[in-house]
Amino acid sequence: MYKLTAEQAAVVKHTQGHARVSAVAGSGKTSTLVERVAYLLDQGVLARRLLVVMYNRSAREDFQQRLSRRLPANLAATLDVRTFHSFGWRLCHQWQRRGILASRQLQTQTWQWEKIAKQCMHVLAGQVNKSDLGDFNIEKALEDSHLQAFQSFCDHVKSGLEDASQTFTTGKYQQEYLYFIKGFDVFEKLCAQQGVMFFNDLLYRPLQALIKNPQLAKALQGFVDYIIVDEYQDVNPVQEYLLEIVAGESAQLMVVGDIDQCIYEWRGARPDYMLKHFETRFHPVTDYQLSYSFRFGPQIAFAANACIRHNQARLHNQLSIAYPESQDTKIDTKVGISQLIDMLDTWRSQANNAPEIGILVRHWSLSLTVQLVLLQMKIPFKIGRQDKFVFNLPSIQTLFSYMYLAYQDKISSLEQIPEEKRENYFYAILSAPSLYLRREQKKVLVKALAQIKDLKDLKKTSIKEVLPTASVTMQKKIQERLNILHRLLTPARLKSTARLVKHLLKVLDAHAQLEKQASQEEDALEAVRLLETFESYIKQQDAPLDVWLARWHNQEDTNQWQMHRASIEISSVHGAKGREWHTVILWGLQEGDFPCILRHQILEARELEAERRLFYVAMTRAKRHLILFIPNEKSDSSCVSRFVKEACWQQAQVLKKEDIQTKTLNQVAFLPAPWNQESRQVLQAYLDKFNQISLKEIAGNPIKKPADHAEIIPQAFCTIEQ
């Protein structure tokens, strides 16, 4: 027999009606839900009358593994543990078999989607009346980046209850992409004609069927008595709607999540779905809290509470409380690249004893400096997304391809470069900023260009002969792009890397073109910031061109920087959700970067709260050490992210675990500097909550289960009684 915390035990033994569980970061909610399932089965609930819904496939697999360790194998195998999309897949399959939905084949490959998307663009190009297509251009529409933006738009539409026109407005898409609205309808018709569907249709098609025929809802109800949903703060309107249908009037619903960690609003999630909608739709509701965090010490718990308390869209009595046995967590602030290099040098000297480090950024362009520093120091690292590795970025590949071809031609000959690599370099030159060449056209063109042995022969290459179907305007743009390469051959330009990069960005009109080609304003800002960061770093380093080219050439194979032994991992904050590291560096904490503020934008209250939730998630990934990094050494206090001040980090620095366990509320008012009124209020609330839940632990809540399953609940939050 062993004991859960009192709060966990209350969740496990919930008896009647709907329940909403607010679980802070690191609260052991997954293990608690495993125990909830075991408890229900022990109470005689049939496994087939129980449905568990996890947010994604990895969470589902982890939950199933835990269940298999906790329950007899034959019983665990009968439980229905699904993601929303696997539930949608089953629904599509059943309704197709019954004739409710037209039969369609699920397509899972990117090229299959692109094939229909290209057909869609040709249909739009053939329409006589293009008044509702904006500045539609078939060459632009078929370019890779535009197709990807169109796919993102379709995903956006199918994750909500708004139509394509409303989604375009609320998503703040740029007017150049107005054709997305009409394109969505055409794409849907083509899919219907060809009898295919894609991943985002698994929920969208059943939703559309239910909207057209509300009577279908009855066919989904009455099959389960208990539904458990994890990560409820991340559900979108479609998932919320389907869940309400399935639950009907009889099923008891338990949802678990943390409103303060609702960070996927671009997927359709909103804090109100858990905060207000759930209670309205599933009344009455019993509320539970899992306040103890077993991940970090009181320092981070205090700082996280201090920051997130500024949000209005949250449960105001929810606080993250470090478990009494948790170790202290260190919080530091650092400034500038030089201090980052010093820290990395120290960790490198520790060799195999270096801690596991997560470097988190608000947007990927901020990671560029960190990546370049790590590469320069030859420190291996992992990166959350391969396409965000510095030398995989199209705009960076373009710059280095220009410089490398010009330099190699100057010192020897292009023949010294393998033909396949020459093709890759010319492909990069023709890709960013986009000329709106189709992939097939670029492949034909680079095959011809790769045969050139001397850059002076570029003028002899007839673009018209190589691409006879390209328009005269397109042929002229291609020639202009290649002429830039030929003009780089002056000794003065090849002497300074910084000067050469500045020249290339100017003649390519890179900033303006990349900003114009982005489908959304935030993407435009990201593209410009990336180039500005790269140009600034090149200028600071002042390394000769041959040094930079050798560094780039050696790192083209990114695998050496994805070593499984690498203790450093770079991730966006969005990608870090559900993760944890011994040490977390929050890089780029400048106002405008975090919170992310677009040009000439004043953040609305809702947008600011969304940014603050991101900061809260980032902070709570650390277990033993949190480092708040301001990269600009010249930044004054007004340039530092407002969230750093809100986190009361100076007070958190001096806070000790013993202070929490020994101080009484009447002592808080007399704390000396650096404690101020705001931080005293946070500490007072923390102490009050700590004492409140500590009193609940005195009685304890024992739950019987076989001893051989005890390891499923970490030692941090259960005690074993012999």
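What follows is a chat between a biologist and a modeller about reading a predicted protein model.

Biologist: Let's begin with the whole chain. How many helices and strands does the protein have?

Modeller: Bear in mind that this is a predicted model. The protein has 33 helices and 19 strands.

Biologist: How do I read the radius of gyration of the protein?

Modeller: Set it against the globule rule for a chain of that length. Here the radius of gyration is 28 Å, close to the 27 Å that the rule gives for 722 residues, so the protein is as compact as a globular protein of that length. For the extents, the C-alpha trace spans about 85 × 70 × 45 Å along the principal axes.

Biologist: What share of the residues is buried?

Modeller: Buried means under 20% relative accessible area. In this protein, 56% of the 722 residues are buried. As for the surface, the protein exposes about 32,100 Å², and carbon and sulfur atoms supply 49% of that area.

Biologist: And the contacts: what percentage join residues at least 24 apart?

Modeller: Take the contacts between residues at least 6 apart in sequence; 81% of them join residues at least 24 apart.

Biologist: How far apart are the mean positions of the positive and negative charges?

Modeller: You average the places of each sign and compare the two points. The protein has 90 positive and 80 negative charges, and their mean positions are 2 Å apart.

Biologist: Now some single residues. Is Arg 20 buried or exposed?

Modeller: Arg 20 has a relative accessible area of 2%, so it is buried. You'll find Arg 20 in strand S2, which covers residues 18-23.

Biologist: Which backbone oxygens lie by polar atoms of the Arg 20 side chain?

Modeller: There are two to look at. The backbone oxygen of Met 274 lies 2.9 Å from a polar atom of the Arg 20 side chain, and for the backbone oxygen of Leu 275 the distance is 3.0 Å. Setting aside neighbours within four places in sequence, the contacts of Arg 20 also include Val 255, Phe 278, Glu 279 and Tyr 288.

Biologist: Where is Gln 289, and is it buried or exposed?

Modeller: Gln 289 is in strand S9, residues 285-290. Its relative accessibility is 15%, so Gln 289 counts as buried.

Biologist: Which side chains make polar contacts with the side chain of Gln 289?

Modeller: For a polar contact, look for a pair of N or O atoms within 3.5 Å. The Gln 289 side chain has one with the side chain of Asn 317 at 3.1 Å, and another with the side chain of Lys 689 at 2.8 Å. Beyond residues up to four places away in sequence, Gln 289 also touches Glu 7, Ser 22 and Gln 318.

Biologist: What about Leu 614, which helix is it in?

Modeller: Leu 614 belongs to helix H28, residues 605-619. At 4% relative accessibility, Leu 614 counts as buried. Its contacts, leaving out neighbours within four places in sequence, are Ile 263, Arg 362, Val 573, His 574 and Phe 594.

Biologist: How should I read sequence separation against distance in space?

Modeller: Take a pair of C-alpha atoms and check both numbers. Leu 614 and Lys 577 are 37 residues apart along the chain, with 9.4 Å between their C-alpha atoms. Ile 181 and Cys 639 are 458 residues apart along the chain, and their C-alpha atoms are separated by 39 Å.

Biologist: Which residues does Ile 181 touch?

Modeller: Ile 181 sits in helix H10, residues 179-194. Not counting residues up to four places away in sequence, Ile 181 touches Phe 153, Ala 164, Ser 165 and Phe 168.

Definitions and conventions
Residues are numbered from 1 along each chain as its sequence is written. Side-chain values use heavy atoms; hydrogens and water are left out. Helices (H or I, at least four residues) and strands (E, at least two) are DSSP runs, numbered from the N terminus. The radius of gyration is taken over C-alpha atoms; the globule rule is 2.2 Å times the number of residues to the power 0.38. Buried means under 20% relative accessible area, exposed over 50%, partly exposed in between (1.4 Å probe, protein chains only). Contact means heavy atoms within 4.5 Å. Accessible areas come from the Shrake-Rupley method with a 1.4 Å probe; for residues, only the protein chains shown count as cover. Lys and Arg count as positive and Asp and Glu as negative; His and the chain ends are not counted. The place of a charge is taken as NZ of Lys, CZ of Arg, CG of Asp or CD of Glu. A polar contact is a pair of N or O atoms within 3.5 Å; within protein, one must be able to donate a hydrogen and the other to accept it, and residues adjacent in sequence count only if both atoms are side-chain atoms.
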